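Here is a short walk through the charged contacts and the metal site of one model. Have the coordinates open and follow along.

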Amino acid sequence: MKMLGGILTFALLITAAIPAVAHAQDIKVTLLGTGSPPAVMTRFGPSILVEAGGHTLLFDAGRGALQRLNQLKVKWQDVRGVFFTHLHSDHVVGFPDLWLTGWLTPGRTDPLNVWGPRGTKHMMSHLEQAYEFDIRIRLYDDRPSPEGIVLLTEEIAEGVVYDKGGVKITAFEVDHAPIKPAFGYRIDYAGRSVVLSGDTRVSENLIRHAQGVDVLIHEVAAPETFQRAGATPERTKSVIAHHVTPEQAGEVFSRTKPKLAVYSHIVLPSATEQDLIPPTRKTYSGPLELGEDLMVIEVGQSIQVRRPARPSS
Ligand SMILES: [Zn+2]
Ligand SMILES: [Zn+2]
């Protein structure tokens with residue numbers, strides 16, 4: 001009986017260990033928000049969750065990032081830090097919510113690491129000032145952990161910015177002028193790789209850093225959406241000049257040859273599949289997915305894409 005118990009325990013351990021081991025070599029990417037400044041319900045603000053080797057990291061914190069994490073049941077306390085691509089408000093406006101609400105409930109007890117371009121320290125210290133009233137009152141009234149509200153901010157330059165437990169994150173400059181610097185990020189883990197474009201027009205530096213990557217997640221702007229929204233031709237031209245059109249993105253994908261190309265940060269978020277995919281196909285014929293909020297991309301021996309279940313109508 002004792003022996004049988006031992007065998008059973010051993011068998012259970014093996015069964016439990018097999019998926020964990022396979023999973024441990026993966027990079028899991030979840031698109032929390034795939035939108036841009038317009039406040040629509042279908043695409044929240046830009047934010048991407050990356051999980052690899054037990055590290056949980058967030059790239060940008062647009063509108064609704066905390067709600068999306070909560071929806072996924074990702075413990076906010078487990079998020080080790082936030083990497084900003086640049087400081088345009090649509091990429092950072094969800095941050096105070098993550099920082100303050102995530103401190104109060106569910107109760108963050110460790111300092112929060114923040115990496116970002118020049119100007120990030122300035123922004124973080126001003127956020128601390130802006131919310132000084134709340135922080136002071138909470139500390140003696142609600143009594144959350146004093147460490148949980150601390151921000152450890154690092155301003156980064158191009159190069160390796162994080163290298164722990166086999167998870168390597170490299171920042172590289174992209175071209176979002178006049179917003180300088182603006183970064184894209186490359187995540188490498190266990191031979192898998194993911195590149196996030198951040199906001200950029202066609203960037204030769206991105207093309208260099210994304211050569212042969214497993215997954216390239218790129219922003220895109222569809223001129224038709226501006227026309228439909230009633231923007232003047234001048235305004236349309238000026239916004240598009242900060243981003244890539246689907247045809248240009250297709251050229252970037254053709255030159256980098258990712259195993260999978262994904263669109264996220266859809267400018268404007270009202271863009272349809274028709275606005276984005278056929279024009280991309282003029283210049284790129286490889287694997288391509290149009291990102292949506294809560295889409296999961298599992299980068300392992302193969303690349304699996306899971307879309308969120310839609311409520312049945
Ligand atoms: Zn931007
Ligand atoms: Zn943006």
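A residue is called buried when its relative accessible area is under 20%, exposed when that value is over 50%, and partly exposed in between. Keep those cut-offs in mind, and keep in mind too that this is a predicted model.

**Salt bridges**

Searching the whole structure turns up 13 salt bridges. Three of them are set out here, each with its N to O distance.

| Pair | N to O distance | Accessibility of the basic residue | Accessibility of the acidic residue |
|---|---|---|---|
| R68 and D293 | 2.8 Å | R68: 8% | D293: 6% |
| R138 and D134 | 2.9 Å | R138: 26% | D134: 23% |
| K282 and E247 | 3.6 Å | K282: 64% | E247: 27% |

Start with R68 and D293, whose side chains meet at 2.8 Å. R68 sits in helix α2 (residues 65-72) and D293 in the loop between β13 (288-290) and β14 (295-299), so this bridge ties together parts that are 225 residues apart in sequence. Is R68 buried or exposed? With 8% relative accessibility against a cut-off of 20%, R68 counts as buried. Its partner D293, at 6%, is buried as well.

R138 and D134 are a local affair: they lie 4 residues apart in helix α6 (residues 132-141), which puts about one helical turn between them. R138 is partly exposed, and so is D134. This bridge also belongs to something wider, as D134, R138 and D142 are linked in a network of salt bridges.

Then there's K282 with E247, bridged at 3.6 Å. This pair links distant parts of the chain, with K282 in the loop between α11 (273-281) and β13, E247 in helix α10 (residues 246-256), and the two positions 35 residues apart. K282 is exposed at 64%, while E247 counts as partly exposed at 27%.

**The zinc site**

Which residues hold the zinc ion (ligand 2)? Its donors are H91 (NE2), D199 (OD) and H265 (NE2), at 2.1 to 2.2 Å. Along the sequence, the spacing of these donors reads H-x107-D-x65-H.

A second zinc ion (ligand 1) lies 3.3 Å from the zinc ion (ligand 2), and D199 coordinates both. D199 belongs to the loop between β10 (192-196) and α7 (204-209), whereas H265 is in strand β12 (residues 260-267), so D199 and H265 link parts of the chain 66 residues apart. D199 is buried, at 2% relative accessibility, and H265 is buried too, at 6%.

Conventions:
Residues numbered from 1 in each chain as written. Chains lettered and ligands numbered in written order. Predicted model: local features only at pLDDT ≥ 70, side-chain atom pairs only at ≥ 80, totals over all residues. Heavy atoms only, no water. Salt bridge = Lys/Arg side-chain N within 4 Å of Asp/Glu carboxyl O. Buried < 20%, exposed > 50% of the residue type's maximum accessible area, 1.4 Å probe, protein only. Donors = N, O, S within 2.8 Å, 3.2 Å for Na, K, Ca; no water.
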